[in-house]
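Colleague: Pick one part of this model and take me through it closely, please. I'd like the neighbours of that part as well.

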Amino acid sequence: MLVQALRDKLVVITAITNLLATYKFNGTTGTPAIFTINPMPEDTAYPAIMIYDTGGNSNFGTRSTIGANINATVSVYGNKQRDWTTIKQAAWLVWRALERQSLTITGFSTVMVRAQPPKSINDGIGFPGFVVEVTATVLDR
Amino acid sequence: MSESASAGFKAKFYWATSELGAVNGDVNGSLSQAEIDVTTRGDAGWKNFIPGLKEMSITLNSIDPKDGTGAVTIAAMRTSFVAGTKAVAKMTDEDGNGWEFDCFITKFDWNQPFNGPLAYPVSLRVCGAPRLVGTGS
């Protein structure tokens, strides 16, 4: 769905992945730390990206095809000790990669993708981050 | 006793024999009748009317379908508008009850909203009397 499509889009952009730590996914080391689970694994290194669903609404569609505005959040988290420069840069690259760009979402026909500029956040225990909120307007296939 | 209502999104609009499934807004059919004032002094201070001419019009909004029957139907409507020809159209509820009519297109807009899908707002003028289909509307 949307979170996987976002991961597939971001994981091949080296300008972004070069700024991220790597993680051992399914035994494969060296894979960019982009997760589609919330929370991220405790043993991940940072910076890392976490993509998760945040709902949406069904205020789009036609008489013959149901549709929706689907929301997801792309969070770029850094280390406590690390300065903000890297994650801020990564977050803006995420925004550029998604705002009004094409996106292939399995099971849907994508009409439009909107991404909001990065917003600074703090996870409450001191890890700095930026979030990019994404909305995909889709028709069911 | 049970009560039910038909949902608008389940209703149908046909241009010729093709259903326009790409409708993504309201389809509004308006039937009206003129009123002719025939008030006389004999009406004891009340206005009096007789019914005049009746008319019917339809407005609808369709997104721009990129393929499938919806695209074919929109293309057929565009062709009819450009040629200025009449067609038979039909609007019904989900059970096939409603109106069928001869009509032509009086407005065939093409909207390109910056933050939304391309859309065709269309207006139709019914020519002559519409015909009830099924049990009517």
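Modeller: Let's start small: in β2(B), Ser18(B) is the bridge partner of Trp15(B). Bear in mind that this is a predicted model, where local features need pLDDT of at least 70, side-chain atom pairs count only at pLDDT 80 or more, and totals for chains, interfaces and linings use all residues. Residues are numbered from 1 along each chain as its sequence is written, chains are lettered from A and ligands numbered from 1 in the order written, and side-chain values use heavy atoms, without hydrogens and water.

Strand β1 of chain B, residues 12-15, pairs antiparallel with β2(B) over 2 bridges; strands are DSSP E runs of at least two residues, helices H or I runs of at least four, numbered from the N terminus, and pairing takes at least two bridges. Zoom out and you get an open, antiparallel sheet of 7 strands in chain B, ordered β2-β1-β5-β6-β7-β4-β3. The edges are β2 (18-19) and β3 (28-37) of chain B, each with a single partner strand, so one side of each has no neighbour in the sheet.

Across β1, β2, β4 (49-63), β6 (98-108) and β7 (119-133) of chain B lies helix α1(B), residues 68-83, at about 65° to β6(B). Contact here means heavy atoms within 4.5 Å; axes are fitted to C-alpha atoms, for helices over the stretch in contact, with angles from 0 to 180 degrees between N-to-C directions.
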